[in-house]
Amino acid sequence: MNPFRLATRRRPPSRAGPVAPARGASAVPVPWQVTLRSPSGVIEVEYRGVAPAKHVRFALAGQGLLGLSLPQTVVPGERVRVTLRGSHAEATTCAADAMLVLRWFESDGTELLWPIAL
């Protein structure tokens, strides 16, 4: 059993405008923005897309550990806060190879990943 868990919490939409993805380009703009990053392992991201993001979830990779959050639908302007907790949380967030990965599906079924350095 892994000695930590990822806890997520959705927050109400803010007033920031949506970011429309560019179609036909090889690179897709990331419709997420980090709004909070604390040394205690709390990261909050805001969704700035134009359509709801489905099956949004976080995965943590680092020091050989992997924790998953439950998938959820996030509407434009809504924020999601993830907190790393557990006996090895501090060591994992300070590790050079630690990375939080945000995964979601767009309305057309495309799955996208966004790595967030810890």
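How many helices and strands does the secondary structure of the chain come to? In this predicted model, the count is one helix and nine strands. Read along the sequence, the elements follow the pattern β-β-β-β-β-β-β-α-β-β, with the helix placed between the seventh strand and the eighth. The chain has 118 residues, of which 39% are buried. Its exposed surface amounts to about 6,700 Å², and carbon and sulfur atoms supply 57% of that area. Among contacts between residues at least 6 apart in sequence, 65% join residues at least 24 apart.

One instance of spatial proximity between separated positions involves strand β4, where alanine 59 is placed. The C-alpha atoms of alanine 59 and leucine 100 lie 5.8 Å apart, although the two residues are separated by 41 residues in sequence. Alanine 59 has a relative accessible area of 10% and is therefore buried, the limit being 20%. Strand β4 also contains histidine 55. The backbone of histidine 55 adopts a positive phi of about 55 degrees, although the residue is not a glycine. With a relative accessibility of 45%, histidine 55 counts as partly exposed.

Strand β8, which spans residues 99-105, pairs with β9 in the antiparallel sense, and seven bridges are found between them. Within this pairing, phenylalanine 105 stands opposite glutamate 111 of β9. Five residues separate the two strands of the hairpin, and glycine 109 there takes a positive phi near 95 degrees.

Polar contacts were examined next. Side chains of opposite charge can pair when their charged atoms come close. A search of the whole structure finds four salt bridges. One of them joins glutamate 44 to arginine 79, with the closest N and O atoms 3.4 Å apart. Glutamate 44 belongs to strand β3 (residues 42-47) and arginine 79 to strand β7 (residues 79-86), so this pair ties together parts of the chain that are 35 residues apart in sequence. Both partners are buried: glutamate 44 has a relative accessibility of 3%, and arginine 79 has a relative accessible area of 19%. The value for arginine 79 qualifies as buried because the category covers residues under 20%. Glu44 and Arg79 are also linked with Arg81 in a network of salt bridges.

Glutamate 111, the residue opposite phenylalanine 105, takes part in further salt bridges. Its side chain meets that of arginine 57 at an N to O distance of 3.1 Å. Because glutamate 111 lies in strand β9 (residues 111-117) and arginine 57 in strand β4 (residues 53-62), the pair ties together parts that are 54 residues apart in sequence. The side chain of glutamate 111 also meets that of arginine 103 in a salt bridge, here with an N to O distance of 2.6 Å. The burial of these residues is as follows. Glutamate 111 is partly exposed, at 32% relative accessibility, and arginine 103 is likewise partly exposed, with a relative accessible area of 28%. Arginine 57, by contrast, is buried, with a relative accessible area of 18%.

Aromatic side chains were considered last. A pair of aromatic rings is described by the distance of the centres and the angle of the planes. Two aromatic pairs are present in the structure. In the pair of tryptophan 32 and tyrosine 47, the ring centres are 4.8 Å apart and the planes meet at 45 degrees, so the arrangement is tilted. This pair links distant parts of the chain, since tryptophan 32 lies in strand β2 (residues 32-37) and tyrosine 47 in strand β3, 15 residues apart. Tryptophan 32 and tyrosine 47 are both buried.

The rings of tryptophan 32 and tryptophan 104 have their centres 5.7 Å apart and their planes at 70 degrees, so this pair is edge-to-face. Here too distant parts of the chain are linked, with tryptophan 32 in strand β2 and tryptophan 104 in strand β8, 72 residues apart. Relative accessibility is 5% for tryptophan 32, which counts as buried, and 2% for tryptophan 104, which is also buried. Trp32, Tyr47 and Trp104 together form one aromatic cluster.

How values were computed
Residues are numbered from 1 along each chain as its sequence is written. This is a predicted model: local features need pLDDT of at least 70, side-chain atom pairs count only at pLDDT 80 or more; totals for chains, interfaces and linings use all residues. Side-chain values use heavy atoms; hydrogens and water are left out. Helices (H or I, at least four residues) and strands (E, at least two) are DSSP runs, numbered from the N terminus. Buried means under 20% relative accessible area, exposed over 50%, partly exposed in between (1.4 Å probe, protein chains only). Two strands pair if DSSP finds at least two bridges between them. Rings of Phe, Tyr and Trp (its six-membered ring) pair if their centres lie within 6.5 Å; planes under 30 degrees apart count as stacked, over 60 as edge-to-face and the rest as tilted. Contact means heavy atoms within 4.5 Å. Accessible areas come from the Shrake-Rupley method with a 1.4 Å probe; for residues, only the protein chains shown count as cover.
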